[in-house]
Amino acid sequence: MTERVPVSMKVNGETVERFVEPRMTLADFLREELELTGTHTGCEMGACGACLVLLNGQAVHACLTFAVQTSGDSVETVEGLSSSRVIADIQNAFHNANALQCGFCTSGMLVTAHELLSQGGVPSREDIRDRLSGNYCRCTGYQAIVDAIQSVARARAAEAEPSARPE
Amino acid sequence: MKARAFRYVRAASLDDALSAYAGADGECSYIAGGQSLVPALALRLQAPDLLIDISRLPEMTGISLEGDTLRVGALTRHSEMLSSPEIARHAPLLKAAAPFVAHPAIRNKGTFGGTIALADPAAEFPAMCLALDAEFEIAGVEGQRTSPANGFFHGLFDTDLQPGEIITAIRIPGFGPNDRCVFHEFARRRGDYAMAGAGIQATLIDEQVESIKIAFLSAGPTPMRAPHAEAQLTGGPLSGERIEAAQHALAEDLEPEDNDDTSAAMRMHLARVLLGRLLTRLAHPEHGQERRQQ
Amino acid sequence: MTDVLAKPLSAVDRPNSYIGRSVTRPNAKRLLSGKGRYVTDMKLPRMLYAAFVRSPYAHAKILNIETRDAAQLEGVHLIATGTDLAKLCKPWVGTLDHFHGMKSPPQLPLPVDKVVWAGQAVVAIVASSRALAEDAAEHVVVEYEELDVVADLEAACRRDSPVINPDLGSNLSFTLKLESGNVESAFADAAVTAEKTFLFGRHTAVTLEPRTIIADYNPAEEQLTVHHATQTPYQFQDIYSRYYGIAESRVRVIAPDIGGSFGMKLHVYHEDMAVVGLSMMLGRPVKYTADRMESFLSDIHARDHRVTASLAADADGNLLGMRVDDATAIGAFSSFPRTSVVEGNQVVRLMGAPYRFRNYRGDLKVVFQNKVQTSQYRAVGHPIACSVTEALVDDIAQQLGLDPFEIRRRNIITQDMYPYTSPTGYKFERLSHEACLEKLPELMDYPSLRRQQQELRAKGIHRGIGIATFVEITNPSPAFYGVGGARISSQDGAIVKVTPSGEIQCLISIGEHGQGTETIVGQIVAETLGVDRDTVRVITGDTEVTPYGGANWACRGAGIGGETALQAGKKLKQNILHVAAAILQAKPDDLDMQNAQIVDAGTDNVRISLADVARISYFRSDTLPAGTSPQLTAAHHYSPQGYPFAFTNGVQGCHVEVDVETGFTRILDVWIVEDCGRVINPLLVDEQIRGGIIQGLGAAFFEECRYGETGQLENGSLADYLVPMSFEMPDIHIAHIETPTLDTELGAKGVGEAGTAAASAAAMNAVNDALKPFNVSMSQIPMTPQRLLRALGHG
């Protein structure tokens, strides 16, 4: 039962093929097999949000999926989002707003922020806090994170339609 | 928190899944979204020998209107309850409850069929299926059958499902032109299991309640309908008096338990308060509840 | 006095002026791209993984341990018990001399005779993966004989209680009695008194990165390298060396990026000590990461107190005296090396700290329990002392019909009273209570909040406003630990050097946990040397590289570490100017530095670049005048020798809305006016404050460890132990006042714990303010909906 089985998936645009135990979570697969340690594990039960990745474009907890389940799928981690620069403005906003301290929750926060901001529009602070409700942070007061996300939303909206008034 | 070892097989079809289960050596579990199963495995609360992945079966996806009935595939993700125009139009109670279901990333993966099969009394959607008088399409090695939501939930995590059976779809009567619905829950934090939660769907004609269905979560060992409360409200307006009577009648409907730092008495109290607030909202359509979208 | 202190904040004209400016953290960029280097991420060659078999009982004799089946399993390399590790490791005792009479039983990495808390590690498994180690753990059979459990504070104090440590006689670890003035007559003369019994929930830190350690013992060199998620690698270098008998110079502890600590990762954990021994037994690296369940079971807890206190005042609201009885439940032994009594000690000494009254009696009892050990966790003791004090002050105010701001104005220590020694022996150099109390109502728009409260009350909506005045201990001297015999350093060291290209490296003994240590050190060094801060690289956290020091705890990083960096920078500057002067045939006093250039002092006239000075010093010393010996590396150690602590102060305000039908409280706003001395970087300070406040709000409304009668932790998961998440938390409004300490040139004090010190106090006062029409009040935190409803007479 601890025999390894083959998995094959796209991770950050690159096809990877490995042999893994079925019980290996996607989080452990990314961190240990692929050494993509930007995805963190804080609870291994889907309660803290530190392990969020994009699975086929949607944010999911990597600790709540076994790698075998994602064979054939496409996964993007914070490293991939970072090098493709799709989250560059979010990262800058976080940096300028000091929206991180120890950084352990940050990867998950960025994935959540990316998914929220991809929907377009300018969410209210309450909307943002609601969206972040599954991302645990112990260091910051969440406020700088909300500030950072709000500033990106406004900047993107202004860029999309310079004449439009923000909501 | 690493799961015990297991074998894994990905079902290519419904029949494939059913026969894999029937022929399995040792204990077996289906996995769809896995948002409840995987933590249970990580904590070693469950340790099946074989996991059968049913998450890609085409027979179980899709949302479609068939006459007056909405057919929702069991693999519909919770997040789709928020985004689907069909759900918004024909089953707005599910959309109203969806923001309270766990957190966004869980909603992206968790499935409608999965949460019903687990039947956690604190879950939103099983209770809403009661309020919607939904019917479950179930597949087994013996064939297909349907089971009404009312009567499906037997006890704590105990449903009408036999070992090896799979919920393939959920059928919901469509939302009519005179229908209204509301949902709310009291939870310590956004996404936590509710201390008390309820959804109501009612048909009102000239502000008289023609029919009303009230279902509670976190108020007993299963999701609970509240027929005694409903009886107090049917056939009349949603007046303050009748609302109070309904709140009073709840004692006969609900069976909350002592739990953590929350007593059964407190849960009952919260359930009453919740019912009052929901009925007040229902009576005032302008105050944030779902009406049929034109 | 140097330029550094005299320059105005955010001066635009002075180049390289960084102190006081909100600048971003250079080292945050890698954290933002998933390139953090946490111990949880590290893999060493041939590394193995540890898991532990844990006791299901809170108190039991170990009769037998059967490991044969487990040892046969795939991938298992070693199974070790207490007896195995006792051969390698000396026992340690968590007492300090300055806590007279303190008792605690000796500890070994794994127990030999009995277990004393549910979840205690009993057997260690080392395997080629964590999963395999957990598999093997399930096959270890331990036979226990259950003993009576001590899991109730009251019960533990009774004579007939079972005694956890029979050798010590009772369940009392430590008692303390403080007496000042005449408390009896204060209460006899009082016009009004307030008395309450307060209960504080037991807390745990819940750092997002759990505890983790990799011990790598190399038998060929008898060298131990430990990669440790810790706040204080130097302390652990000392401990591993002495308790495992390895030469200190052959023990290297590296503390890389850490995913949160808040004090929790300062303490000795049995598992960590065991892992060192396991590595020694195997001669290979062994890694242990506490999973989230283990974190709840075995991280230190804190704040488990039952306080009965009373406050006396005259008819004008002048506080006359205070009596405090504090009983605190720790674990079955005191933590090491910082003890489990510091928290209680601070509680009884911080009571009433902002106020002028002189009559005080404080009684402290520190009591063993069959629960996990407790120790220092963010704001150690302050939240309890503040909550008790501020609630009683509000009670007196209510009895006399005084506004909460007014009663505080009448009683706080005023500007003319400094330096001031409190009745409990704390010395305040200079605080700013009056200024803070003046600023807060303005910041809150207090009058309009009160108006709004009145209007809404009439509509059945119950809002409350609460405030709390606080002081906070920062920059501790050896008076904190050193005097008790602990090998915990109160000094820090920095080495600053010029690189051949004229850039700067600073190696410093304080550490980076995300609060911004590396950034502020960079700011200080850059400003002192007159260089661009982008050219300053700060290195922390490696006992083989950075100087020996106290590292980070009790808010000492900015104040003590910052001063260290400042003085080291000044030394280096003198050395640079000395060489430059030799090259230029000028006098060092006639030269200065700006923009990485040596200039004529007081002018912009560039004489030579720092890069050239470096190039010449390193590569062309043949061109230097005879007798010139460039010293482009400078070291400095700084040890606080003035005030034993640099106290800071502030006031917090909290605005809530209580749903009296459900018991749910919405936190609407929080404000704080705080004074942490000289602010080096407002951007970093502000979010530190906010994070601290959120932890305090967590304490006020959500967090507590719940135990059953048999000592089982009942809510040890993130689903059941409720930490504050974003949706329930408010925006927090901050204002600063700066009263620098004159003990250092930098003038900075600490700020990391200030938010936590008063947040739950202000929250409790706010809730009680909301509940005033109902004549009920809360005196237990967390203020859960159940407790609120019970107080209101429902459920």
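**Exercise 1. Characterise the contact of chain C with chain A: how many residues does each chain supply, and how much area is buried?**

Step 1. Chain C contributes 56 residues to the contact and chain A contributes 51 residues, where contact means heavy atoms within 4.5 Å. The model is predicted: local features need pLDDT of at least 70 and side-chain atom pairs count only at pLDDT 80 or more, whereas totals for chains, interfaces and linings use all residues. Residues are numbered from 1 along each chain as its sequence is written, chains are lettered from A and ligands numbered from 1 in the order in which they are written, and side-chain values use heavy atoms, with hydrogens and water left out.

Step 2. About 4,300 Å² is buried between chain C and chain A, with 56% of it on carbon and sulfur atoms. Buried area is the accessible area (1.4 Å probe) that two parts lose on being put together, summed over both. On the side of chain C, the residues that lose the most area to chain A are C:Leu32, C:Leu208 and C:Glu687, together 19% of what that side buries.

**Exercise 2. Which polar interactions and which helices of chain C belong to this interface?**

Step 1. The interface of chain C and chain A holds 6 salt bridges, each a side-chain nitrogen of Lys or Arg within 4 Å of a carboxyl oxygen of Asp or Glu. A salt bridge joins the side chains of A:Arg129 and C:Asp731, at 2.8 Å from N to O.

Step 2. Between the two chains, 30 residue pairs are in polar contact, both residues at pLDDT 80 or more. A polar contact is a pair of N or O atoms within 3.5 Å; within protein, one must be able to donate a hydrogen and the other to accept it, and residues adjacent in sequence count only if both atoms are side-chain atoms.

Step 3. Helices H2 (28-32), H5 (130-137) and H19 (682-701) of chain C each supply at least two residues of the side that touches chain A. Helices (H or I, at least four residues) and strands (E, at least two) are DSSP runs, numbered from the N terminus. H19(C) gives the most to this side, with 8 residues.

**Exercise 3. Describe how domain 1 and domain 3 of chain C meet.**

Step 1. Chain C is divided into domain 1 (28-34 + 491-638), domain 2 (39-147 + 206-298) and domain 3 (379-475 + 643-791); these bounds come from an automatic or database domain assignment. The centres of domains 1 and 3 of chain C, taken over C-alpha atoms, are separated by 40 Å.

Step 2. In domain 1 of chain C, 18 residues are in contact with 18 residues of domain 3 of chain C. The area buried between these domains is about 1,300 Å², and carbon and sulfur atoms give 60% of it.

Step 3. The count between these two domains is 1 salt bridge and 8 residue pairs in polar contact, both at pLDDT 80 or more. Helices H16 (517-529) and H17 (557-584) of chain C each supply at least two residues of the domain 1 side that touches domain 3. H17(C) gives the most to that side, with 8 residues.

**Exercise 4. Is C:Ala50 buried or exposed, and which residues does C:Ala50 touch?**

Step 1. C:Ala50 lies in strand S1 (residues 48-54) of chain C. C:Ala50 counts as buried because its relative accessibility is 1%; buried means under 20% relative accessible area, exposed over 50%, partly exposed in between (1.4 Å probe, protein chains only).

Step 2. Not counting residues up to four places away in sequence, C:Ala50 touches several residues, among them C:Ile125, C:Ala133, C:Leu278 and C:Tyr288.
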